[in-house]
Amino acid sequence: MFSKLLTTSLLLSSVLISNANAESHGRAWSSTNAGKFSASANVGIMPAFYMSRKTPNNTTALTGVKPPEFSKQFKMPFDLAGELGYVVKNDLEVFYNFDWSHGGGKTYNFTQNGVTFDQKFSKYNAYGNYLGARYYFTFKCSPVKPFVGAKIGILSQNSVKVNQTVTGFGASQNTNFAYFGKKNSFAGGFQVGVNWQLLKNVSLVFKAEALASFSRKGTFLINRPPVQLFKVGSTGGQFSFPITLGVRFTL
């Protein structure tokens, strides 16, 4: 689906450029001239994984369990992003970026100490607010400009809930609880991409990013005080790789 959208957009851009493009009008039409404001919208996919998965502290492998891999908890998230930018000098842009990533939950099954766990995870939701800068590489009057950039900000991840059925020792029990709590943490990373100027004020943007955020801690799968039977461990930092296609408007 995403590849078809990209192919269609590139074909459309080639038709538009044949009538009016940055190459025909030189630097005067450039969307990366100093003093230009921009607004853009991007949509795409966001592969992600945990750097590590750990059993709980101060417990043995028999009483603690590792969180599953990101791909076993959630379906591939999609990423929707909006951005406002300002070109402080030719080819150097600063920007504010808002990202929303969302992925459906999966069902995960495992057995520990003769007890079977069937877990249905809720959806993954995260909201990022970032400040960043990028540099565009201009080749004569070409409307195609590769760029590199970086951004840093705050990532807000909603709590992840789980509907769990535990079966063991001749009994079965169903519970609902928060597997990961809500968390706000610093996040940031790098990006590369291409800005293809279609018209005087319209560009097509393809962008790939690598983002890192902090770890998450799990709760109890079974907790019957004073005996805490099974506890979830923690993850390492989360790496995400948004790949998006969008439209950029300049003024």
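## Leu-92 and the salt bridges

Leu-92 counts as partly exposed because its relative accessibility is 27%; that label sits between buried (under 20% relative accessible area) and exposed (over 50%), worked out with a 1.4 Å probe on protein chains only. Keep in mind that this is a predicted model, where local features need pLDDT of at least 70 and side-chain atom pairs count only at pLDDT 80 or more, while totals for chains, interfaces and linings use all residues. Residues are numbered from 1 along each chain as its sequence is written, and side-chain values use heavy atoms, with hydrogens and water left out.

So where does Leu-92 sit? Leu-92 is part of strand β6, which covers residues 92-103. Strands here are DSSP runs of E with at least two residues, and helices are runs of H or I with at least four; both are numbered from the N terminus. If you skip the neighbours within four places in sequence, Leu-92 is in contact with Tyr-86, Val-87, Arg-134 and Tyr-135, where contact means heavy atoms within 4.5 Å. Take Arg-134: it is 42 residues from Leu-92 along the chain, yet their C-alpha atoms are separated by 6.0 Å.

Now for the salt bridges. How many salt bridges does the structure hold? There are 8, each one being a side-chain nitrogen of Lys or Arg within 4 Å of a carboxyl oxygen of Asp or Glu. Here are three of them:

| Acidic residue | Basic residue | N to O distance |
|---|---|---|
| Glu-83 | Arg-134 | 2.8 Å |
| Glu-93 | Arg-248 | 3.2 Å |
| Glu-209 | Lys-151 | 2.9 Å |

Let's start with Glu-83 and Arg-134, whose closest N and O atoms are 2.8 Å apart. Glu-83 belongs to strand β5 (residues 78-89) and Arg-134 to strand β9 (residues 124-136), so this pair ties together parts that are 51 residues apart in sequence. Glu-83 and Arg-134 are both buried.

Next come Glu-93 and Arg-248, with their salt bridge at 3.2 Å. Glu-93 is in strand β6 and Arg-248 in strand β19 (residues 243-250), which makes this a link between distant parts of the chain, 155 residues apart. Are these two buried or exposed? Both Glu-93 and Arg-248 are buried.

Then there's the salt bridge between Glu-209 and Lys-151. Because Glu-209 lies in strand β14 (residues 202-213) and Lys-151 in strand β10 (residues 144-157), the pair ties together parts 58 residues apart in sequence. Glu-209 counts as buried because its relative accessibility is 6%, and Lys-151 is buried too, with a relative accessible area of 5%.

Finally, some of these residues join up: Glu-83, Glu-93, Arg-134, Lys-207 and Arg-248 are linked in a network of salt bridges.
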